[in-house]
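I opened this notebook to record how the parts of a multi-chain model meet. The entries follow the order in which I looked things up.

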Amino acid sequence: MNKGKAFIKRLTGYRLFLPIFCLVLVLISNLIKTPGFFEVTIKNGVLYGYIIDVINRASDLVILSVGMTLVVAASAGTDISVGAVMSVAGAVCCFILSGGQQTVNEFANPYILGVLAAILAGILCGCFNGFLVARLKIQPMVATLILFTAGRGIAQLITKGQITYIRVESYKMLGASIPGIPIPTPVFVALIVVLLTYVLLRKTSLGLYIQTVGINPKASKLMGIKSSMIIFLSYVFCGLCAGISGLVASSRIYSADANNIGLNLELDAILAVALGGNSLAGGKFSLLGSVIGAYTIQALSTTLYAMGVSPDQIPVYKAIVVVVIVALQSTELKRMINKLQINVKSGKKVA
Amino acid sequence: MKKREKLDGKVFLLIITILLFLVMYAAGLIIFNSKGFAKPQVFLNLFISNAGLIVIAAGMTMVMITGGIDISVGSVVAMTCMMLAWMMENKGIGAVTALLIVLIMGIVFGLVQGFFIAYLKLQPFIVTLAGMFFARGMTAIISQEMISIKNEMFLKWAKSKINLTFLGGAVNKKGVINYPFIYPSVIIALVTLIGIFILLKFTKFGRTIYAVGGNEQSALMMGLNVRRTKLLVYVINGFLCSLGGFLFALNTCAGFVEQAKGFEMEAIASAVIGGTLLTGGVGNVFGSLFGVLIKGTIETFITFQGTLSSWWTKITIAALLAFFIILQSLFAKAKEKQ
Amino acid sequence: MPNEIVLSMKNISKTFPGVRALDHVDFTLRSGEIHALMGENGAGKSTLIKVLTGVEEFESGEIRIEGGSRSIINHSPQEAQEHGISTVYQEVNLCPNLSVAENLFIGREPKRAGLIDWKTMNRKAAELLSRLDMNIDVTKALENYSIALQQMIAIARAVDMSAKVLILDEPTSSLDDNEVVKLFGLMRRLKAEGVGIIFVTHFLEQVYEVCDKITVLRNGGLVGEYETETLPRVQLVAKMMGKDFDDLAAIKKEGNRVQKNSEAVIDARGIGRHGTIKPYDLQIRKGEVIGLTGLLGSGRSELARSLYGADKPDSGQLKVNGKTVVIRTPIDAMMAGMAYLPENRKEEGIVADLSVRENLILALQAKRGMFHPIGSKEQEELANKYVELLQIKTASLDTPIKSLSGGNQQKVILGRWLLTDPDFLILDEPTRGIDVGTKTEIQKLVVQLAKEGVTVMFISSEIEEMIRTCSRMAVLRDREKVSELKEDELDQNHIMKAIAGGGGTNE
């Protein structure tokens, strides 16, 4: 009995317990509902199937959640502008590639130029957020609220309020698949972003700095680590991730749809970080946790779609999950429960 | 004792705002003179089209004075409009009953958010972010299609003009005298605004709101009930959101999922432009009114100009918000140095 | 003076887990009396105040007010206030954004027809303040006034809420001399009106200037109650530190002679920071252990922090190893070969959730720069080396530092700085709150380091410890470096006299 308890305690104490547990839960419930959930077939040389769809569609979110993880860890705040920044990046890329036309059948400018411009746009947005948060010490959510609302407006201006189409096969590759490779390209992009970030955190001491700043900014100052610089960098990085994610999302629909690219993804990204077992109050983080969290959320979304819930309605459930996770992390709730337990216990004694 | 009058930072911010509004309006008079910008009705339209925002900005001001924020307001407006439309059109509920139900719904929504924020001490951002997605999603669950309101009583509320004869009328082609007018929604908005002003300025509860925003610890030490005050603020704000949503619905006479998107930023921007500090403790609902009027004027410009996309409103508001945030932060730094 | 007892506390005891915070303490306050409550860290002053104001509960004893026959127990500051006991803290507990009048009356505003009557409130506020000789505009926000005035307004609020007992908890810590004079004026006026004032402070000068009586606590016990006039300063310091002044055996020093002619590692001229430490000169030679001594709040840590750039100094020049350096932030100081172990281990030292290994290598990593990460193998080697060297008791290198004992946490922080191979090591209260064994280890280590040529600045409240480890001392009083003691002057008598200062008039 005790051994079992100890085992459960050790298991639940494991950092990645929450995200893995949730992922398994979602997958199992899917398997029960849709027996063919894990079936994979090949059509036109590309892998098809529910599970492939989940992994493919999750890519945008995985990329976003990588950036969001760093922002949350360093600044104990969230960047709610990521969805809008995605749409800006998509618009910039399509604008460059279409040369200002509404629909083109071939690139007006070299492909790489569009990609670089989109990434640069993401980075600039990140710089703006980072400046407000790190330098002017504005609460992260208010600071990023500016781009959250204005970002889509800027994207609209770039596309002149129209949906810009790039009907070029090579543009679609990033969001679909490269001929001859059965696995969808976004999966690779996500993988590369995650790996590069991992390497960046490993090969520089950025990861250590971010955690230190997130846990104890006073101590980090006395050790010569500039917290404002680290926080700024984390926002820039988050902007970069949003830019890349925007590119993928735009390539999926080979167009720049300012209203719909990255819609509601900010909530998903925050949820991925929280589901990944990371505290939204900042500090220690697990990149892998957030990545698993992101896949879990996509699996959940796909499940809900399959059940006939429309994309507009899904946020209801996700919002509830966010509040529940955050409430469970709250020390105040733990204190209340403790108090209640003590009261119950003393009540028993009296009786 | 020094008699040197020093210009207070917060007064200065408010003066900038009022000046900005006057300059903008004057500029409008000059630029769009030929298009009839000088008509009294143009000015009154600022109030008519922003009646809902005036109410919601007042609530936002209150929340921000406590040092909190509520980014769910836009979605709550959408949910309110949708609820109203759905209840009256699909369920045949009377306009008055429907109104009462949505007002109660707003209060409950505020109560839940307030409980999480005041009693569980969760960050207001996270809670209201969840609230924002929740309310927007609920709107979609009620109906994905747009519902137009055709309820007679509701339309009567929406369309009964109140002529302001003292402003003088103009005779149109058919020989009918047209007076400048407002709708009842404007009166509701202004009465609410004054009510909140009195609440903030002349009641113990109102002053406690300021105390909590100024220094929560001190407020506790002075024997004020901080948690209850915060909870009540979110409850009142929830009520104001649904009331604002109702006024909004009077303008649009419809409910749809994408309604009032970005409204949260307009409300926050109005409050901040009107001199409410993001750090809490300072704010004034009349300042926020000017914030709303500035936003309205920008919108009017864009309408009069004719070729600019409506997205410019959002971008200009965002830029103004950023500008005022930076201004606030500079003031705070200057004060620190003293 | 017609001095009735307004407050008597008898046999008060209070235990925190593992610590006897108050051990049968008595305290008596009369009306029209300013009564200093003195004691060093951990003496029990703040616990006594907390018990009195209902912030903490006490286990035994009784509190009576106005000689009443009934003993009272306060459960909250509000309840204490209803009993006529008000407290004004060092950090002003008012709202800076509200007007002065509101701060005086919030929660009990005068009303008319259910609404706040601002006119009456402003008039009453102005009357109240002018009665206390403060003629200021009460409609302005509190933040427009100096800390001193804010404090006096807080006092006015407390007094107006019918305080018979007024507790001033280190009110002068952030005031300058002029402001202190004003505050004292107010205190004397209240005293004349018959208010009993408990004055908690670390500044001896101030005690001798305004107080009638002094109660000294030490280690949770009562040392005694004294008339200020009859207690010489040196005696007071001795009582606070727990040393009998007349019978002091010199503690044997573990030899740490410095070569007289070694070069100056630190040469500070006129370095200071307004409001925290007055400009000072200080030269420290290689291999020296210089102690900073003085009572709590005398500016010991502030001096160290200004050298290290933790609080940027606003005047003066600094030479390190003969070269002029400009230190704006800690990283500049680190590059110049300095290291700083902060006083507050929990808030400024440990990075709680990170592992022992990470906590050890952090400073070295910061010094090397972000793009030159220390490889995991090197991290392990370094960490292992210092865990062994300092005998840090930890389950593994990857244990979070927060689960270590205080002493071991301190060793990790010490190791963190030794890893950077500093020329000049500042240790601010390195032995506070840690076990005796570890204390001795750290003291030995300091002497050892000095022998190896590291220059050490050592700050501690314990005099024996300082005598054992230091080769020279700088004495601070009231945020000013007042004197230096050479090696042959390092005994308790000299040190206490120097700390007490201005002794002539009171002996």
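The entries below go through chain contacts, the domains of one chain, and one helix.

Entry 1, ground rules. I am working with a predicted model, in which local features need pLDDT of at least 70 and side-chain atom pairs count only at pLDDT 80 or more, whereas totals for chains, interfaces and linings use all residues. Residues are numbered from 1 along each chain as its sequence is written, and chains are lettered from A and ligands numbered from 1 in the order in which they are written.

Entry 2, chains A and B. I looked up the contact between these chains and found 36 residues of chain A against 34 residues of chain B, where contact means that the C-beta atoms of two residues, placed from the backbone, lie within 7 Å. On the chain A side, at least two residues each come from helix 6 (140-158), helix 14 (314-329) and helix 15 (331-350); helices (H or I, at least four residues) are DSSP runs, numbered from the N terminus. I then sorted that side by residue class and noted 23 nonpolar, nine polar and four charged residues, with Ala, Val, Leu, Ile, Met, Phe, Trp, Tyr, Cys and Pro counted as nonpolar, Asp, Glu, Lys and Arg as charged, and the others, Gly among them, as polar.

Entry 3, chains B and C. Here the contact draws on 19 residues of chain B and 16 residues of chain C. For the chain B side, helix 9 (204-214) and helix 10 (216-221) are the elements that give two or more residues, and helix 9 of chain B gives the most, with six. The residues of this side of chain B divide into nine nonpolar, eight polar and two charged.

Entry 4, domains of chain A. I noted domain 1 (2-40 + 47-309) and domain 2 (314-351) in chain A, the bounds coming from an automatic or database domain assignment. Their centres, taken over C-alpha atoms, are separated by 31 Å. Their contact takes 12 residues from domain 1 and nine residues from domain 2. Helix 12 (265-275) and helix 13 (287-306) of chain A each supply at least two residues of the domain 1 side, and helix 12 gives the most, with six residues. That side of domain 1 holds eight nonpolar residues, three polar and one charged.

Entry 5, helix 4 of chain A. I looked up why helix 4 is largely enclosed by the rest of the structure, and the reason is that 17 of its 17 residues are buried, that is, each has 20 or more other C-beta atoms within 10 Å of its own, C-beta atoms being placed from the backbone. After helix 4 of chain A comes A:Gly99, which has a positive phi, near 65°.

Key: Buried ≥ 20, exposed ≤ 12 C-beta atoms within 10 Å, placed from the backbone.
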